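Let's take a friendly walk through this structure, starting with a single helix and ending with the contact between chains.

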Number of protein chains: 2
Amino acid sequence: MDLRVTYRLLAVDGPAAAARARDIALEQTVELPADAVSRDVAERVVGRVELIEPWGEAGDRGGGGGAGGGGEARWRAVIAFDAALAGSDMAQLLNLLFGNISLKAGIRVAGIDWPPELLAALGGPRRGIAGLRELTGAQGRALVCSALKPLGASAAEIAARAYQFARAGIDIVKDDHSLSDQAPAPFRERVERCQHAVARANRETGGRSLYFPNLTAGGARLLERADFARRAGCQGGVVNALPVGLDALRAVAAATGLALMSHPALAGVFFHADHGIAPELLLGDLFRLAGSDAVIYPNVGGRFTFPEATCAAINARLRAPLGPVRPAFPVPAGGIEADRVPHWIGRYGTDTIFLVGGSLYAQPDVAAATRRLVDAVRTPPP
Amino acid sequence: MDLRVTYRLLAVDGPAAAARARDIALEQTVELPADAVSRDVAERVVGRVELIEPWGEAGDRGGGGGAGGGGEARWRAVIAFDAALAGSDMAQLLNLLFGNISLKAGIRVAGIDWPPELLAALGGPRRGIAGLRELTGAQGRALVCSALKPLGASAAEIAARAYQFARAGIDIVKDDHSLSDQAPAPFRERVERCQHAVARANRETGGRSLYFPNLTAGGARLLERADFARRAGCQGGVVNALPVGLDALRAVAAATGLALMSHPALAGVFFHADHGIAPELLLGDLFRLAGSDAVIYPNVGGRFTFPEATCAAINARLRAPLGPVRPAFPVPAGGIEADRVPHWIGRYGTDTIFLVGGSLYAQPDVAAATRRLVDAVRTPPP
């Protein structure tokens, strides 16, 4: 079966767009000019350009994005690759989609049709939306997550905050993605203290809050930390998915059974107007296929730059039917104000985890603000 | 000690640039607004903005790069972070340098001053330039590398090509970076056949050509493949460094002792005019610190887009003194014509590995063209 990729290209006219598409089909497979490839290899391996057409309305011109500019318009190119070329890991899949051509201007991965065997080989999340609902006991409503911070606080201080959040009923209390193993709150001490604090709060409230430590680390240390967290009683963790490599998610989930919330650190380098990979494909399809049970992304109106349509597209891609691949939770974040959460539930629906971090810390009474937030999420809409 | 990072920012004026720099210093550390951070944490942890000034001449305005545009100019912001925040792995280092702010527009990492303890913790290449010269026996001259391709050829066909290249005296015969474990040339069969072919050629010529298979794979499979290659007799391999995660390089080198040539697949997403990480920092400093003994990059004038100044800067960063970190070989590639290699030796010097791939395949007599190439590299300049 084919992996069918839609690229949005900048080109001055149809023939130029067709030439660019043909170049991508060669570059991403044989890395040779067409005349240096045998007919047999060309037929079996080189991508097939199936469509070239103007992207949209006349005048839909490229702008910014590190791309060409001057007189170029956007074109849709659909290229079909033999899915077997992608093998069964994210590293080679990313390479096939955008590896070498990342070094050229004016190319954006805009759509992907997934062949069933590739979906089956990659697998996706082990728990997904249903699994996280089961772990937290949160059914029929949105979930709420908060972040432990700041970097620089001691493990005891962070654990006190974790206790406060869990007491108030936050479903998932997660480490800030910058907390790794720095001296003020070393990983092992932090994990033990925070997990203990959340378990204590749960005993007191009868609740089922989860603590997700930041597991991000290089090489074998990622698995070591995940294993430590599991033995400490954690049911999940946070991973900065791109810095560690997307395949690491599957490795952690397989080795430990932990639920995984992926953080989008570094992802912004892919999101240029006319270059990169569309956010809903990277943070939606690819993060999900790699094994994320939940994916954090910067919500519109916060301190980052996604428009609402992009947020909605990420939500849709994380939840949509995708062969045997479980749906994953979208986790809009990045400056969500606590008192706007009911608004966002209305927009995004209940299959959403709202990550409210800094805006809670800015409140004079964090505990009270957290309780109001939890009430808002648990109260059915009128 | 401090990790001192120079960011190039787009901003409309000095106060706006200062506000952006302050925002980066907070976002990359505590992820909280200044007024939600205690004085103690602010002093110990939040980045210190040490300098804000116009980037260059008046009128040096940003263009493209997914950045703002309209009326913004470029500003230099130097921010000092406590190096301990980066820990000792590439994942957290990348996160500290550009993790969250990758999601904002108009920010580019333009310079990094490395504190000695971070250099010591990261380590860099285990072999570097001197080590690869020792392995190949190539002293006092440039090295030449060629690529085995295309994807779709059988392992036997690829091994025949490896034999031909090694017979002609190519120093390093490497897999194309897209060859992973696809059916026409499965990894294990390909490695055994190619290593055998190169060893046979060496016995016949008395040469010391090396075969570097592409080790790239997801999760634990990368280490399995590296270990298999080592046991088959290989002395090194190729890794698509960003798709697998930069820390994987160190893990492979530590576990197997293999020399590592890093491929820049996906790296282009970082290289926008006003957003990302400068190529000489990503492919130079960061790839080197992660453990690359040699780093492939797209040479000027080929089918990719770096200007010559960028290539020279990458060369300089890979070779420059850097505390205890060994120098690494630059490997200009991507459409280097065989007959232009003497020109490039003149430009780049002999501490360079020239990767000549497709242009050899385009020759009517590949073996003869390869011998001419090897002669050109081995003949001292007049």
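## One helix and one interface

In this predicted model, helix 12 of chain A covers residues 308-319; at 1.5 Å a residue, its 12 residues should span 16 Å, and the end C-alpha atoms are 17 Å apart, which agrees. Which residues of helix 12 of chain A are buried? They are Thr310(A), Cys311(A), Ile314(A), Asn315(A) and Leu318(A). Looking down the axis of helix 12 of chain A, you will find these buried residues within an arc of 140 degrees, so they line one face of the helix.

What does that face meet? The buried residues of helix 12 pack against these elements of chain A:

| Element of chain A | Residues |
|---|---|
| Helix 11 | 279-290 |
| Strand 12 | 294-298 |
| Strand 13 | 329-333 |
| Helix 13 | 341-348 |

Now for the pair of chains. A turn of 180 degrees, with a shift of 0.0 Å along the axis, lays chain B on chain A with an RMSD of 0.0 Å. The two copies are thus related as by a two-fold rotation axis.

Chain B gives 68 residues to the contact, and chain A gives 68 residues. Of the interface residues of chain B, 100% are also interface residues in chain A, so the copies meet through the same surface.

The size of an interface is often given as the accessible area lost when the parts come together. Here chain B and chain A bury about 5,600 Å² between them, with 58% of it on carbon and sulfur atoms. How many salt bridges does the rule find across the interface of chain B and chain A? The rule finds 0 there.

Note on methods: Residues are numbered from 1 along each chain as its sequence is written. Chains are lettered from A and ligands numbered from 1 in the order in which they are written. This is a predicted model: local features need pLDDT of at least 70, side-chain atom pairs count only at pLDDT 80 or more; totals for chains, interfaces and linings use all residues. Side-chain values use heavy atoms; hydrogens and water are left out. Helices (H or I, at least four residues) and strands (E, at least two) are DSSP runs, numbered from the N terminus. The expected span of a helix is 1.5 Å times one less than its number of residues. Buried means under 20% relative accessible area, exposed over 50%, partly exposed in between (1.4 Å probe, protein chains only). The arc is that of the directions from the helix axis to the C-beta atoms. Contact means heavy atoms within 4.5 Å. Copies are superposed by least squares on the C-alpha atoms of residues with pLDDT of at least 70 in both. Buried area is the accessible area (1.4 Å probe) that two parts lose on being put together, summed over both. A salt bridge is a side-chain nitrogen of Lys or Arg within 4 Å of a carboxyl oxygen of Asp or Glu.
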